[in-house]
Amino acid sequence: MTLLNIINFPDLSDERGGLVAIETGKDIPFKVERVYFIHSTQTGVSRGFHAHKKLKQIAFCVKGSCEFILDDGKKRETLALDNPCKGLLIESMIWREMRNFTDDCVLMVIASEHFSESDYIRDYDQFVSLAT
Ligand code: TYD
């Protein structure tokens, strides 16, 4: 089973430009508790390098693109996220790394929980031993 679960959000674009709508309870398979975004990522920077015990997230590149690597402790899969209508669902206990951010990339993330450092697993070996 693939780790790359894409949710397609309605593309309401018309001749004037783009519009994407995200509705809770309809398109999102969890209760939304937090939204954050990553922007102005410096050239060559990679981010992530962690998993979450409980948190689920959906990541969108609302502008530009970046690459996601997802890892369940047994396999790694890579995806270029480059379409604002496509959200990448990241379940709990999935290691993620993000890289190759374009200069204009705005990565928006919708999350199922408030921020909690105790939910993070930042050590890859520890992640693998918990996940497998
Ligand atoms: P982190 O999730 O480690 O970033 P990334 O995985 O993209 O490299 O977050 C970076 C820092 O910001 C870390 O100290 C935690 C803090 N942070 C918050 O306080 N609230 C948040 O909602 C997020 C996502 C991060």
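This passage describes the overall fold, the ligand site and the largest pocket of a predicted model. Local features were taken at pLDDT of at least 70 and side-chain atom pairs at pLDDT 80 or more, whereas totals for chains, interfaces and linings use all residues. Residues are numbered from 1 along each chain as its sequence is written, and side-chain values use heavy atoms, with hydrogens and water left out.

The chain contains one helix and 10 strands, assigned as DSSP runs (helices, H or I, at least four residues; strands, E, at least two) and numbered from the N terminus. Along the sequence the order is β-β-β-β-β-β-β-β-β-β-α. The radius of gyration, taken over C-alpha atoms, is 15 Å, which agrees with the value near 14 Å for a compact globule of 132 residues; the globule rule is 2.2 Å times the number of residues to the power 0.38. The C-alpha atoms fill a box of roughly 50 × 35 × 30 Å along the principal axes.

The shell around the ligand (residues with a heavy atom within 4 Å of it) consists of Arg34, Tyr36, Ile38, Arg47, Gly48, His50, Met98, Phe115, Tyr120 and Arg122. Strands β2 (34–39) and β3 (47–52) each contribute at least two of the shell residues. By class, the shell has five nonpolar, two polar and three charged residues; Ala, Val, Leu, Ile, Met, Phe, Trp, Tyr, Cys and Pro count as nonpolar, Asp, Glu, Lys and Arg as charged, and the others, Gly among them, as polar.

Polar contacts (pairs of N or O atoms within 3.5 Å) link ligand oxygen atoms to side-chain atoms of Arg34 at 2.5 Å, of Arg122 at 3.0 Å and of His50 at 3.2 Å. The protein buries 62% of the 530 Å² that the ligand exposes when taken alone (Shrake-Rupley method, 1.4 Å probe).

The largest pocket is lined by 14 residues, with Tyr36, Ile38, Gly48, His50 and Met98 nearest its centre. Two or more lining residues come from each of β2, β3, β4 (57–63), β8 (95–99) and β9 (106–111). Strand β3 gives the most, with three residues. The lining comprises eight nonpolar, three polar and three charged residues. A pocket is an open set of points on a 1 Å grid over the protein atoms alone, where a 1.4 Å probe fits, with protein on both sides within 12 Å along at least five of seven lines; lining residues have an atom within 4 Å of a point.

Technical notes. Polar contact = N/O pair within 3.5 Å; in protein donor to acceptor, adjacent residues only side chain to side chain.
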